[in-house]
Amino acid sequence: MSPLPRALLWDRMVEVGTDIALVDLRPDKLLAHGQVVAAEPVPHACRYQLTTVDGFATDTMTVESEGAGWQREVRLERSGDSWRVTTSEQGKFGSVQLPGIVDPGRLAGVLDVDLEATALTNTLPIRRLGLLGAEPGTTHTVPMAWIRVPSLQVIPVEQTYTVIDANTIRYTSGSFTADLAVDKDGFVVTYPGYASLVA
């Protein structure tokens, strides 16, 4: 993989850990790879690679998580309205079910993948839905493939993004809500209680 031109480093506010993403933001797509190191729920590292098609819809997402005595990987590849999900694992990660999703058909119509471990993936719907510079009150609810970390279970969810002002977008999923401070490119600067951009 070629070197990418920009580095984003977030401090994890809830637990000991960091999240670094190397990104290439183009006018209509994003390429990225990164690594998260965190202490909870068990000490682990999470590595990911992401590519989008034009319009910032996710094309492929590959994620690997690793801890003491175990390693897991999940890869999501989109083709039209459907997804191919492949997984592997070595060792035993507690009593959590296998990584991935039993029925990838439940992801039909999903355009975005949200990796729990990083604030980077919030940028995808923000850019894809044209929320930067949109009128306050602009709201979109979208289906999402949510990847839990470190288990790498893939869960279909709905997420809502609402423009509060030029630098703030409200994120809602289920009963959870957070006002995300974003920069001019749509990258998260502050995710209250979760992550803070330091570089």
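What follows is a working chat about one predicted protein model.

User: Before we start, what kind of model is this, and what confidence do local features need?
Analyst: The model is predicted; local features need pLDDT of at least 70, side-chain atom pairs count only at pLDDT 80 or more, and totals for chains, interfaces and linings use all residues. Residues are numbered from 1 along each chain as its sequence is written, and side-chain values use heavy atoms, with hydrogens and water left out.

User: Ok, how many helices and strands does the protein have?
Analyst: One helix and 14 strands. Those are DSSP runs numbered from the N terminus: H or I with at least four residues for helices, E with at least two for strands.

User: And what's the radius of gyration against the globule rule?
Analyst: The radius of gyration is 16 Å, close to the 16 Å from the globule rule for 199 residues, so the protein is as compact as a globular protein of that length. The radius is taken over C-alpha atoms, and the rule is 2.2 Å times the number of residues to the power 0.38. The C-alpha trace spans about 50 × 40 × 35 Å along its principal axes.

User: How much of it is buried?
Analyst: Buried residues make up 45% of the 199. Buried means under 20% relative accessible area, exposed is over 50%, and partly exposed is in between, with a 1.4 Å probe and protein chains only.

User: What about the exposed area, what do carbon and sulfur supply?
Analyst: The protein exposes about 9200 Å², and carbon and sulfur atoms supply 52% of that. The areas come from the Shrake-Rupley method with a 1.4 Å probe; for residues, only the protein chains shown count as cover.

User: Let's go to the strands. Which residues of S6 point to which face?
Analyst: S6 covers residues 70-79; Trp70, Arg72, Val74, Leu76 and Arg78 point to one face and are buried, while Gln71, Glu73, Arg75, Glu77 and Ser79 point to the other and are not. In a regular strand the side chains alternate between the two faces of the sheet.

User: What does S6 pair with on the S5 side, and how many bridges join them?
Analyst: S5 (residues 58-67) runs antiparallel to S6, with eight bridges joining them. Pairing here takes at least two DSSP bridges between two strands. Val63 stands opposite Val74 in S6. The two strands form a hairpin with two residues between them, and Gly69 in the turn has a positive phi of about 85°.

User: And on the S7 side?
Analyst: S6 and S7 (residues 82-91) pair in the antiparallel sense over ten bridges. Trp70 has Gly91 in S7 as its bridge partner. This hairpin also has two residues between the strands, and Gly80 takes a positive phi near 65°.

User: Switching topic: where does the helix fit in?
Analyst: Helix H1 (residues 123-128) makes a right-handed β-α-β unit with S8 and S9. Right-handed means that, with the strands pointing away from the viewer, the path from the first strand over the helix to the second runs clockwise. S8 (residues 112-115) and S9 (residues 139-147) pair in the parallel sense over four bridges, with Leu115 opposite Ile147 in S9.

User: What comes after S9?
Analyst: S10 (residues 154-165), which pairs with S9 in the antiparallel sense over nine bridges. Gln159 in S10 is the bridge partner of Val142. S9 and S10 form a hairpin with six residues between them.

User: Which residue in that turn has a positive phi?
Analyst: Leu152, at about 65°, although Leu152 is not a glycine. Leu152 is buried, with a relative accessible area of 0%. Pro150 sits in the loop between S9 and S10 too, and the peptide bond from Val149 to Pro150 is cis, with omega near 10°.

User: Which other peptide bond is cis?
Analyst: The one from Glu40 to Pro41, with omega near 0°. Pro41 is found in the loop between S3 (30-38) and S4 (44-52).

User: And what's up with Phe56?
Analyst: Phe56 has a phi near 70°, a positive value in a residue other than glycine. Phe56 is in the loop between S4 and S5 and is buried, with a relative accessible area of 3%.

User: Last one: how many aromatic pairs are there?
Analyst: Six. The rings of Tyr191 and Tyr194 have centres 4.6 Å apart and planes at 55°, so that pair is tilted. Rings of Phe, Tyr and Trp (its six-membered ring) pair if their centres lie within 6.5 Å; planes under 30 degrees apart are stacked, over 60 edge-to-face, and the rest tilted. Tyr191 counts as buried at 9% relative accessibility, and Tyr194 is buried at 17%. Tyr161, Tyr171, Phe176, Tyr191 and Tyr194 form one aromatic cluster.
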